[in-house]
Amino acid sequence: MKVFVTGSTGFVGRNLVEFLLKQEQVELTCLVRNLEKASSMQDKGIQIIHGDLLDPSTYEKALGEAEWVFHVAALVGLKNGPEFYTANRDGTACLLHALKSSQTLKRLVFLSSIAAVDRSWDHDWTRFFDSPLDEESPICPTTDYGKSKRQAEELIIESGFPYSILRPAYIYGPHPRSNSSMDKIVYHVRDRIPYTRFPFPGVASEIFVEDLAEALWHVAHHEKALNQDFFVANPKPQSISNFFQKLAQCLEAPYSPQKVSEKVMARFMRYQFAMRPTDPLVRILYTNYFHCSAEKLKQYTGYVPQIGFNKGLAETIEWYQQEGKL
């Protein structure tokens with residue numbers, strides 16, 4: 001099975017490559033911009049294509065021989081800026097252009113984001129969202145990152161190529177990018193930064209990166225995942241305060257939650273929304289902004305994450321320790 005992966009040196013891509021190497025009869029080709037980051041791959045029998053997603057001529061031949069293409073490369077962050085459209089939308093357009101000559105493609109699997117759907121916001125900025133996002137939710141991305149991912153989805157859907165799209169919730173696990181949100185949370189909990197002790201009311205869905213890698217491989221071969229889009233996350237969302245507390249347990253760090261009444265927390269929330277109404281971090285801490293349902297993925301393909309939250313978090317911290325990052 002000839003497999004082509006973009007973004008193979010990134011957070012999800014690196015974990016996906018490790019998963020693919022464990023599968024039988026997989027001939028793996030990876031597009032990389034930085035050969036130094038890919039140095040360890042060359043010892044594992046992986047064909048390395050040194051190129052740029054925005055320059056199809058650097059990888060078109062190898063891409064045209066692939067049966068499965070995993071498009072994981074992305075500029076990530078709940079932020080704004082033209083660079084997101086260049087990396088995510090235009091990069092996808094170039095990939096699709098390079099695929100036009102393919103005679104072998106069986107499935108293009110695209111890693112999108114929950115941010116590609118997002119939630120609409122009315123004038124009540126303190127509104128809680130009790131219902132999780134699902135595939136029938138209105139599509140209204142609110143950041144340039146989310147908009148660029150949605151535009152990439154639309155390009156793939158309209159391309160005529162066989163595809164599957166996965167929209168993960170919050171992703172965590174080994175090999176996070178430097179200075180990632182996971183880095184910050186781990187170190188803030190370890191260092192007992194005060195906000196990590198507050199009983200924030202927010203609820204978020206999450207997915208361990210190794211579960212996500214398996215999900216990408218799963219939908220690539222499932223007949224009912226053909227030309228479908230799915231959210232992917234653990235069935236049970238986590239409260240933000242529980243996430244902090246479980247992380248402290250894995251770190252064996254002292255954890256004393258602040259005793260703050262619901263009335264006081266509601267006052268904090270109103271203040272934060274008044275000062276930073278469109279800040280995704282505020283939404284995540286105080287609302288169910290990052291809550292999604294992966295029921296469609298389960299119904300269509302039977303996929304359910306196998307590692308889950310507690311084990312995944314423990315394995316994440318174990319990786320930090322083994323890498324000397326704690």
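In this predicted model, helix α5 meets helix α11 through Met182, Asp183, Val186 and Tyr187 on the α5 side and Leu313, Thr316, Ile317 and Tyr320 on the α11 side. By class, this contact is made of six nonpolar residues, one polar residue and one charged residue. The two helices, α5 running over residues 181-190 and α11 over residues 308-322, have axes that come within 12 Å and cross at roughly 85 degrees. Since angles of 65 to 115 degrees count as roughly perpendicular, α5 and α11 are therefore described as roughly perpendicular to each other. The spacing of the contacting positions can be read against a general property of helices: an α-helix has 3.6 residues a turn, so residues three or four places apart point the same way.

The contact between these helices leads on to the wider nonpolar interior. Leu247 touches Met182, Ile185, Val186 and Val189, and also Leu313 and Ile317, when residues up to four places away in sequence are not counted. Of these partners, Met182, Val186, Leu313 and Ile317 also take part in the meeting of α5 with α11. Both Met182 and Leu247 are among the residues with the most contacts inside the largest nonpolar core, which has 39 residues, and the others so placed are Phe200, Phe243, Phe244 and Tyr286. At least two residues of this core are supplied by each of β7 (170-172), α5, α7 (240-251), α8 (262-275), α9 (280-286) and α11, with the largest share, six residues, coming from α7. A second core, separate from this one and made up of 36 residues, includes Val3, Val12, Ala220 and Ala225.

Val12 also belongs to helix α1, where it is one of the buried residues together with Phe11, Gly13, Asn15, Leu16, Val17, Phe19 and Leu20. Helix α1, which spans residues 11-21, is mostly covered, with eight of its eleven residues buried. The elements that cover these buried residues include the strands β1 (2-6), β2 (27-32), β4 (68-71), β5 (107-111) and β7, as well as helix α6 (209-221).

Taken as a whole, the protein chain contains eleven helices and eleven strands. Its radius of gyration is 20 Å, close to the 20 Å that the globule rule gives for 326 residues, so the chain is as compact as a globular protein of that length. The C-alpha trace spans about 60 × 45 × 35 Å along its principal axes, and 52% of the 326 residues count as buried. Among contacts between residues at least 6 apart in sequence, 78% join residues at least 24 apart.

Terms used. Residues numbered from 1 in each chain as written. Predicted model: local features only at pLDDT ≥ 70, side-chain atom pairs only at ≥ 80, totals over all residues. Heavy atoms only, no water. Axes fitted to C-alpha atoms, helices over the stretch in contact; angles between N-to-C directions. Helix = DSSP H or I, 4+ residues; strand = E, 2+ residues; numbered from the N terminus. Parallel < 35°, antiparallel > 145°, perpendicular 65-115°, else oblique. Contact = heavy atoms within 4.5 Å. Nonpolar A, V, L, I, M, F, W, Y, C, P; charged D, E, K, R; others polar. Core = buried A, V, L, I, M, F, W, Y, C linked by side-chain atoms within 4.5 Å. Buried < 20%, exposed > 50% of the residue type's maximum accessible area, 1.4 Å probe, protein only. Rg over C-alpha atoms; globule rule 2.2 N^0.38 Å.
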